[in-house]
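Q: Please take a close look at one part of the structure shown here, and then set it beside a few other details. I would like careful, connected reasoning that a first-year student can follow.

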Amino acid sequence: MYQWRKFEFFEEKYGGKSKIPEEVSGKIECCSSGRGKVVVGCDDGTVSLLDRGLQFNFGFQAHSSSVLFLQQLKQRNFLVTVGEDERISPQQSAMCLKVFDLDKMEPEGTSMIAPDCIGILRIFTNQFPEAKITSFLVLEEAPPILLIAIGLDNGCIYCIKGDIARERITRFKLQVDNSSNRGHLAITGQGFRLDGPALQLFAVTPDSVSLFSMQDQSPRRQTLDQIGCNVNGVTMSDRSELIIGRPEAVYFYEIDGRGPCWAFEGEKKFLGWFRGYLLCVIADHRNNKDIFNVYDLKNRLIAHSLVVKEISHMLCEWGNIILIMPDKSALCIAEKDMESKLDMLFKKNLYTVAINLVQSQQADAAATAEVLRKYGDHLYSKQDYDEAMAQYIHTIGHLEPSYVIQKFLDAQRIYNLTNYLEKLHEKGLASKDHTTLLLNCYTKLKDVEKLNVFIKSEDGVGEHKFDVETAIRVCRAANYHEHAMYVAKKARKHEWYLKILLEDLGSYDEALYYISSLEPSQAGVTVKEYGKILIEHKPAETIDILLRLCTEDGESSRRGLSNGTYLSMLPSPVDFLNIFVHHPQSLMDFLEKYTNKVRDSPAQVEIHNTLLELYLSNDLNFPSISQASNGIYLNVRERSPPVKSGTMSNEKSSSDPKDSDKEKERLARREKGLHLLKSAWPSDLEQPLYDVDLAIILCEMNSFKEGLLYLYEKMKLYKEVIACYMQTHDHEGLIACCKRLGDSGKGGDPSLWADLLKYFGELGEDCSKEVKEVLTYIERDDILPPIIVLQTLSRNPCLTLAVIKDYIARKLEQESKLIEEDRRAIEKYQEDTLSMRKEIQDLQTNARIFQLSKCTACTFTLDLPAVHFMCMHSFHQRCLGDNEKECPECAPEYRSVLEMKRSLEQNSKDQDRFFQQIKSSKDGFSVIAEYFGKGVISKTSNGPTNTLRSDSPSSSSGF
């Protein structure tokens, strides 16, 4: 005991001057605590209840004589007392047991109140003879059942179990000791122990420690020890251990016998247990004083020691230890807070004690870590780095790692730093920077063995305990490529694995083999990332991998999917175009092989567009990929070479063999391009399987005449077709093209002949032969009026009148015949008009004589009433019915004329039809003349003069 350190972890409350209130007038015989109250029983039979700070609450007369024992229950606010009352008869004992309900108060006398006494029980009966009570203990079982154990000086324990308020109880007796020495039979202490459903009762005499199993119908006794203790030397720990105090030591008992003992010498007047501390009052006979010690058994220290004159009672309440003296003075001792205790220890550099203290009192982990940190700082200041690091490691998870790392960054302490970083990773609390630092430590120490262990270690679920990318990056920078590749492969970081193989090791074959072993989706991602390097060094092998990715031969049949559906799930070749940016020849090979394998790819338009760029480019370079511009459509005209006279595709060939081979290769590509233009535009499709606009631009940029002509003709852009021939002055081809495309009977455009005539009229050279041939077709189809032909050809000074003499003669003769026919028609219309006017004049001036004798409708003899019309038709009135205003015979013809007039007026408002007739007619002036002749557009209009739309087709049609 004398080797244990003493500390002042407790302090006296209220200045150490507490006192039992004066309202408690009698001598205190017993006391108890619970539910925020301290209860004292006196020799005058009164019971007083004290509040916090030992303030008097109320008191009442519990027994007529003395209160010997009492206990405040915890679950219910009940108070159980044992005391002496008046004897009813000489045969009956005066010792009574009472139960008070402190929640129910009733008036007592004139001014006092007392709790309701819900049960009174005589302890001693004929079956249970009277003896001196030496110990008293109450256990609350399931309410309202109480188990009361009363220890006697004859070695017996009287047990009372049941509901005392309803007098439903059972009594039984336990025999503890049958020794003949009566002075050593007294029951000096008791203790209940609950272990699940099992209930045991410890019983202590001066010479024995016994245990009763109370769940048995007849509890059996088990002797745990042959030594005991005196009164007040018994208590129970919070782990339900029995503690007894003897002069030589303090003993602990479990249900199976004696446990540990502590050699605290001296007579033990009182024993108690408070929050894991052992409370012990030891009598000091040399000074006639008592020593009060608080023992921390876990940490082997005395938490508090106090010398007092004499202690009569000891109890715990309100988080305080209360010591009551015979003179009714009291001491309230409270435990200091953890921070105060630790500060006290830190000042004495007792860090190990502080650590043990916070751990034993189950402080939170943060508080423990703070103590460990201070201990580590103390050891670090003493240059005990190994032990300091051992403390810092225990703080992982609570202390910021940078605090420790900064202290050990010196190269001389790299081993300690390595140890700390390893622990960080083991607990899964390492960041990327920590992984970097640890790997750098390994590489600086050249500790390959530890590096192997760290790299290949895994946690419980098969994952690494560190940031994978950081580990790869550091190992790669330190030239530990094997380790970096191991981590990358294990973590399925394919891009890192390939980066090491390609950029650091140059193992292109191994990289290709690795890519082939991956899942298609992962392989596609890696090829996109590193395809440029692979194409540069292993073009054929890379193309084979790409073909497998984009086609996956046989996979669609194994998966049970249709070809179209499966192709839409595969990567598209367009996704890999960027890897061929500097290798267009490889790209062309890849796309050609793909199109030979896959006929109906979802991306066939994009693929054909790319192939056209490759086929048609002069130097196998294409701006949409190899240039830094935003697209192929920017400044297309500026990039295209100027068109030379003669054939567009003809260029000067070089005598250099290399240039000759290059020219052959270019011509072969152009043949492929023309074949693609034709094969990718089947006759049954309205639009081709490529971008037509892009194809036209590519042909123009690269002077590819054959492709342009094919595209223009397929798009029915006939004027652009003949413009190509005009640009090259190919007169023979120009006329042949117009013969093929200008035949209206075959869906051609006859206006091409007019454009051709205009071209020859502006040519500025003698082309009489061609002009005569053109005029033949113009005259045959009556495409242009003679005046337009004359005006067009008059611009060419090299043409003579002899070229068009025959044409003009035939036209004049034809026009003369038309004029004669028109003159005869005019004379006929004039005669008809004159006849009509005479008839109208006759109707207006002369009378009409109706001589018909029969009805026009029924052909019977005409009788009255009859109706005569000016058209000389007569009808019975009954034959006309209700219609007497018009002749039934002439009305249909009249109505058809009116309907025709109404239709003509309606057509005059349909401008689109008017202009369509002008456009489709060979002679637009004749259409206008016909409208005027029918009187459709001869009327003046009050509307705006610009009735006809300016954007109408008439703006481009000649009359």
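A: A residue counts as buried when its relative accessible area is under 20%. In this predicted model, Cys475 has a relative accessible area of 1%, and it is therefore buried. Cys159 is also classed as buried, because its relative accessibility is 2%. As for bonds between cysteines, the rule asks for a pair of sulfur atoms within 2.5 Å, and by this rule the count of disulfides is zero.

The part to study closely is the pair formed by helix 10, residues 481-490, and helix 11, residues 494-505, whose axes lie 8 Å apart and meet at an angle of about 155°. Angles over 145 degrees count as roughly antiparallel, so helix 10 is roughly antiparallel to helix 11. On the side of helix 10, the contact is made by His481, Ala484, Met485, Ala488 and Lys489, while helix 11 contributes Trp496, Tyr497, Ile500, Leu501, Asp504 and Leu505. Sorted by character, the residues of this contact comprise eight nonpolar, one polar and two charged.

Elsewhere, an antiparallel arrangement appears among strands, in an open sheet of four with the order 16-17-18-19. Strand 16 (189-195) and strand 19 (221-225) are its edges, since each pairs on one side only, and from one strand to the next the twist averages 25°. Strand 18, residues 208-213, runs antiparallel to strand 19 and is joined to it by four bridges; looking at a single residue, Val209 has Asp225 of strand 19 as its bridge partner.

Key. Residues numbered from 1 in each chain as written. Predicted model: local features only at pLDDT ≥ 70, side-chain atom pairs only at ≥ 80, totals over all residues. Heavy atoms only, no water. Axes fitted to C-alpha atoms, helices over the stretch in contact; angles between N-to-C directions. Helix = DSSP H or I, 4+ residues; strand = E, 2+ residues; numbered from the N terminus. Parallel < 35°, antiparallel > 145°, perpendicular 65-115°, else oblique. Contact = heavy atoms within 4.5 Å. Nonpolar A, V, L, I, M, F, W, Y, C, P; charged D, E, K, R; others polar. Buried < 20%, exposed > 50% of the residue type's maximum accessible area, 1.4 Å probe, protein only. Pairing = 2+ DSSP bridges.
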